[in-house]
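Open the structure in your viewer and keep the selection panel at hand. Each stop below says what to select and what is there.

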Protein chains: 2
Amino acid sequence: MVKKPADPANGSAPAARQVPMRDFSRSLPMSLLRAREAVMRQFRPSLRQHGLTEQQWRILRALAAIDAVEVTELARTAFLLGPSLSRILRDLEARNLIERKTAKADQRRSMVSISKEGVKLMAAVAPNSEAIYAEITRRFGARKLAELQEMLGALEQSLAGLGSADDTLAEG
Amino acid sequence: MVKKPADPANGSAPAARQVPMRDFSRSLPMSLLRAREAVMRQFRPSLRQHGLTEQQWRILRALAAIDAVEVTELARTAFLLGPSLSRILRDLEARNLIERKTAKADQRRSMVSISKEGVKLMAAVAPNSEAIYAEITRRFGARKLAELQEMLGALEQSLAGLGSADDTLAEG
DNA sequence: CGCATTCATTTAACATGTTAAGCATCTCCC
DNA sequence: GGGAGATGCTTAACATGTTAAATGAATGCG
């Protein structure tokens, strides 16, 4: 893994190393990104076989646990931004995997629920998905997995309410 | 924050809970996603002030540590897929933040390096970025942070070479 | 040498992330 | 009860993720 010195034939190599920073590849965001990718890489092929993306699967899973939710709460649950969710719901509805009806009390609100077809699709995907998750758990260790999730939750807590309010130092 | 029970005025709520699965919000992918988002939320405003996205910043950081790299190796370092990197390099080059020249020995290869302007921009952003990272470290704890990164690395290792080769069980 | 194969990079096409606007609808308060 | 502002959702616009295909250049082999 040792980088060999640059080929001198290059002539005038542009300057570098002029801005000292932590080793890039070991930053927390990168670690989290790589770890998540390593995990998702396991699931994507199975989902793809059923014509589902990761986000569409998240939505179906969130819907499977309840009768109906408003779009905004679904966004929170599935951890998607409004615009993304809006597009995906449009597509899922076109595929008859979900149903929508405007709430009676408040015409602005739209109640989303999973359809029978959606349930069937979930039933087809879930076993595979659970098996993959089980294999991951087996490889990494159930105890370590629980520990990791605890630390991730603690990290979230540590940062809760840091940059959420209007950044008071970025306005001037 | 306690959710109130669904309004019974809804009438015939579509069936749910028909596909038993783990609690969705506690899955490993979701934990990783939320944790990473909590971290990146801290950095994005600062980067945005300098007209940089998270990925563009990753590329500049990767380039700052070396004289020049091939596109493919840069993709590995910055953890970006080829097509994404290709687009971003085009834009960064148009903004004169990077430079490119085709390698002499192999006309297919393109050597990418950071420009003087790129270095200047990095010098402007880096202090802020480091300060944010320091604050995150302070809040979460340096020791816990190191532990977390170790676990994330171990997770990656656990899954290395699982779904990377052509999935032998998805072909048939 | 000629040509099929491989390789590095880019382009294309579609899905999502992200921020800002738009559009209804609802709430509140005068 | 009417208009200002808040709220729920969608659309728009641009950047990236993701897979497949295209392009151009190097390589291997007959």
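The tour goes from one chain to the chain pair, then to the two DNA strands, and ends with single residues.

**A note before starting**

This is a predicted model. Side-chain atom pairs are counted only at pLDDT 80 or more.

**Stop 1: chain A**

Select chain A and colour by secondary structure. Six helices and three strands make up its secondary structure. In sequence order, the pattern runs α-α-β-α-α-β-β-α-α.

Now switch to a surface. Chain A has an accessible surface of about 9,900 Å². Carbon and sulfur atoms hold 52% of that surface. What share of the 172 residues is buried? The buried share is 41%.

Next, turn on contacts. Take those in chain A with a sequence separation of 6 or more: 49% of them join residues 24 or more positions apart.

**Stop 2: where chain A meets chain B**

Select both protein chains. The contact takes in 82 residues of chain A and 81 residues of chain B. The size of an interface is often given as the accessible area lost when the parts come together. Here about 7,900 Å² is buried between chain A and chain B. Carbon and sulfur atoms give 67% of that area.

Which three residues supply more than any other three to the area that chain A buries against chain B? Pick A:Phe24, A:Arg61 and A:Met151: they supply 9% of the area chain A buries there.

**Stop 3: DNA strand C**

Select DNA strand C and expand to the protein residues around it. There are 25 of them. The closest are A:Pro83, A:Asp106, A:Gln107, B:Thr72 and B:Arg100. By class, this surface has 11 charged, eight polar and six nonpolar residues.

Colour the helices next. From chain A, α2 (54-64) and α4 (82-94) each supply at least two residues of the surface near strand C. From chain B, α1 (28-49), α3 (71-78) and α4 (82-94) do so. Which helix gives the most? That is α4(A), with four residues.

Which part of the strand comes within 4 Å of the protein? Of the atoms of strand C in that range, 68% belong to sugar or phosphate, and the rest to bases.

Zoom in on three polar pairs:

- A:Gln55 has a polar side-chain atom 3.0 Å from a sugar or linking oxygen of strand C.
- B:Arg44 places a polar side-chain atom 3.1 Å from a phosphate oxygen of strand C.
- B:Ser86 has a side-chain N or O atom 3.1 Å from a phosphate oxygen of strand C.

**Stop 4: DNA strand D**

Move the selection to DNA strand D. Around this strand there are 25 residues, and the closest are A:Thr72, A:Arg100, A:Arg108, B:Arg87 and B:Gln107. Of the strand D atoms that come within 4 Å of the protein, 65% are sugar and phosphate. The surface near strand D has six nonpolar, eight polar and 11 charged residues.

Go back to the helices. Chain A contributes α1 (28-49), α3 and α4, and chain B contributes α2 (54-64) and α4; each supplies at least two residues of the surface near strand D. The most comes from α4(B), with four residues.

Three pairs to zoom in on:

- A:Arg100 has a polar side-chain atom 2.6 Å from a phosphate oxygen of strand D.
- A:Ser86 has a side-chain N or O atom 3.0 Å from a phosphate oxygen of strand D.
- A:Arg48 has a polar side-chain atom 3.4 Å from a sugar or linking oxygen of strand D.

**Stop 5: B:Leu85**

Select B:Leu85, in helix α4 of chain B. Is B:Leu85 buried or exposed? B:Leu85 counts as buried, because its relative accessibility is 0%. Leaving out residues up to four places away in sequence, B:Leu85 touches B:Ile59, B:Val71, B:Leu74, B:Ala75 and B:Leu80. Draw a distance from B:Leu85 to B:Ala75: the C-alpha atoms are 6.5 Å apart, with the two positions 10 residues apart in sequence numbering.

**Stop 6: Phe79 in each chain**

Select A:Phe79, in the loop between α3 (71-78) and α4 of chain A. Its phi is near 55 degrees, a positive value in a residue other than glycine. A:Phe79 counts as partly exposed, because its relative accessibility is 28%.

Finish on B:Phe79, in the loop between α3 and α4 of chain B. B:Phe79 is not a glycine, yet has a positive phi of about 55 degrees. At 29% relative accessibility, B:Phe79 counts as partly exposed.

Notes. Residues numbered from 1 in each chain as written. Chains lettered and ligands numbered in written order. Predicted model: local features only at pLDDT ≥ 70, side-chain atom pairs only at ≥ 80, totals over all residues. Heavy atoms only, no water. Buried < 20%, exposed > 50% of the residue type's maximum accessible area, 1.4 Å probe, protein only. Contact = heavy atoms within 4.5 Å. Areas by Shrake-Rupley, 256 points an atom, 1.4 Å probe, with all protein chains shown as cover. Near = heavy atom within 4 Å. Polar contact = N/O pair within 3.5 Å; in protein donor to acceptor, adjacent residues only side chain to side chain. Nonpolar A, V, L, I, M, F, W, Y, C, P; charged D, E, K, R; others polar. Buried area = accessible area lost by both parts, 1.4 Å probe.
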